[in-house]
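Thanks for coming, everyone. I'll walk you through one structure today. Please bring it up on your screens.

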Amino acid sequence: MGQRIDRDWDDIFMQAALQPDLWLEALNTLAIRTGSTHGQLIGVGGAREIPFNIVTNFSPEMIDFFAASGWATGSHNFRVAASNRHVERGFYDSVLHEDDYDRVIPELASPDYVDWCEEIGIPFGCQTNLVIDNFGVVGLATLRNRSDGRTTPAQRRVFAKGAAAARRAVRLQEKLEGEQAKLLAGAFDAIQISAFIIDVRGKVLAHSIGADAMVDAGDVRLSGRVLDGAAAPLTMRQAVQALIADDGLDHIRTRITTAEGRPPLMIEGFRLPVRSWSLGKLPHALLIANGPRRDRAGVAAYLAALYRLSLAESDIAVRLFDGRTRSTIAAERGVTPETLRGQIKQIYPKCGVDSEASLMRLLAPILS
């Protein structure tokens, strides 16, 4: 009999970095290979504020309950406490397991998290830190019930091999997410629009050349990647907060009074379509200082930069907003109704909408 060959962990996790919806599959493979019930990828601490907590074979209600319970700190969570203890000693990516948990559990401020883990069947497992940066910590773990038992040295060796690949994958995905802001700024440079690209925390990820000129002229202030400046009815800082708040606005307008008698600048802000999850470095919102030229080419290029539509898709969106029927648009563009229908279906997910009516509401602030 030939010896069974280990799965290629780099292949498994790098696919997830390129297609984030594959992370659940990759984590499930890790769980199976280590004899565990659950695999987990979680972002905690710092600025992350738990923007993601992906757990296989786990109900969303349980994940929401954990997030609402305040157990992401070392004072209550033995997994976080064990990690903090090793980080304080300079060990940033050790594989921690039940022996480490046993040492910190007596020091916890409350047994609530321990009791909850026992109740839902995740008292055991192992973990490691994949990334520690100014965004917080990205951690990888397997969660085990009493039937799975405590991890064995062999299982922890398998976990360590998978974790090494997962660490490379997370770093790649973070880099890819970070590059999207730069690409977006470049797209606005190409159509001569001044734009600031904002992350989920309200910090400036990137900005166009025109936006840089606004900072140099003193129209707005940019310090420590925080944007501010006098404007009405919202200051620049208030405009950013309105776009990133959970119950905030999808679109804002405010006006900056410029210095030296120059005409005032109208600032428009747009919240970008929501992704299912990210590592926290995707563009979340835009602040635009000068909108598109109102000719069709200018608007189409603007939509292409804003929502990553192709120029054909942007043109279709504009024609729909102008009130043209689908049959008229198909004839004007020289395509079949079936082709046009397929193109419109591709527009919806890019813009984060699910109907033509929703698309019209999204485009109204831009095209009205």
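First, a word on names: helices and strands here are DSSP runs, a helix having at least four residues and a strand at least two, and they are numbered from the N terminus. With that, let's place Pro233: it is found in the loop between β8, residues 226-228, and α9, residues 236-244. Keep in mind that this is a predicted model.

Why start at Pro233? Look at the peptide bond leading into it. From Ala232 to Pro233 the bond is cis, with omega near 5°.

Stay in that loop for a moment. Leu234 is found there too, between β8 and α9. Is Leu234 buried or exposed, or in between? It counts as partly exposed, because its relative accessibility is 23%, and buried would need a value under 20%. Leaving aside neighbours within four places in sequence, Leu234 is in contact with Ala239, Ile252 and Thr254. Now compare a far point. Leu234 and Ile54 are 180 residues apart in sequence, and their C-alpha atoms are 36 Å apart in space.

Let's step back to the whole chain. The domain assignment gives domain 1 as 9-176, domain 2 as 192-290 and domain 3 as 296-366. How far apart are the C-alpha centres of domain 1 and domain 3? The answer is 42 Å.

Next, the sheet. It is open and has 4 strands, in the order β2-β1-β4-β3, with antiparallel pairing. The edge strands are β2 and β3, and each pairs on one side only. Neighbouring strands are turned by 10° against each other on average, direction ignored. As a reminder, strands of a sheet pair through backbone hydrogen bonds, either parallel or antiparallel.

Take β3, residues 124-133. This strand is mostly covered, with 8 of its 10 residues buried. β3 pairs with β4 in the antiparallel sense, over 9 bridges. You can follow the register on screen. Gln127 stands opposite Ala141 in β4. Asp133 stands opposite Gly136, also in β4.

Now the helices on this sheet. Which strands does α7 lie across? They are β1, β3 and β4, and α7 runs at about 30° to β3.

Then α2, residues 23-33. Its buried residues are Trp23, Ala26, Leu27, Thr29, Leu30, Ala31 and Arg33. What do they pack against? The list is α1 (9-18), β1 (38-44), β2 (53-55), β4 (136-144) and α7 (153-190). Just after α2 comes Gly35, with a positive phi of about 65°.

One residue ties into this region: Gly162, in helix α7. Why does Gly162 count as buried? Because its relative accessibility is 0%. Beyond its neighbours within four places in sequence, Gly162 is in contact with Trp9, Phe13 and Leu30. Leu30, remember, is one of the buried residues of α2. Another of those is Ala26. Gly162 and Ala26 are 136 residues apart in sequence, yet 9.5 Å apart in space, C-alpha to C-alpha.

On to α11 and α14. α11 covers residues 311-321, and α14 covers 356-367. Their axes come within 10 Å and cross at roughly 90°. That makes α11 roughly perpendicular to α14. Which residues meet there? From α11 we have Ala317, Val318, Leu320 and Phe321. From α14 come Glu356, Leu359, Met360, Leu363, Ala364 and Leu367. By class, the contact has 9 nonpolar, no polar and 1 charged residues.

Last, two backbone details. Both concern arginines with a positive phi.

Arg225 lies in the loop between β7, residues 221-223, and β8. Its phi is near 65°, a positive value in a residue other than glycine. Arg225 counts as partly exposed because its relative accessibility is 32%.

Arg308 lies in the loop between α10, residues 296-307, and α11. Its phi is positive, about 60°, although Arg308 is not a glycine. How accessible is Arg308? It is partly exposed, with a relative accessible area of 39%.

To finish, three places to revisit on your screens. Find the cis bond from Ala232 to Pro233. Find Gly162 in α7. And find the crossing of α11 and α14, at roughly 90°.

Terms used:
Residues are numbered from 1 along each chain as its sequence is written. This is a predicted model: local features need pLDDT of at least 70, side-chain atom pairs count only at pLDDT 80 or more; totals for chains, interfaces and linings use all residues. Side-chain values use heavy atoms; hydrogens and water are left out. Domain bounds come from an automatic or database domain assignment. Buried means under 20% relative accessible area, exposed over 50%, partly exposed in between (1.4 Å probe, protein chains only). Contact means heavy atoms within 4.5 Å. Axes are lines fitted to C-alpha atoms, for helices over the stretch in contact, and angles run from 0 to 180 degrees between N-to-C directions. Angles under 35 degrees count as roughly parallel, over 145 as roughly antiparallel, 65 to 115 as roughly perpendicular and the rest as oblique. Ala, Val, Leu, Ile, Met, Phe, Trp, Tyr, Cys and Pro count as nonpolar, Asp, Glu, Lys and Arg as charged, and the others, Gly among them, as polar. Two strands pair if DSSP finds at least two bridges between them.
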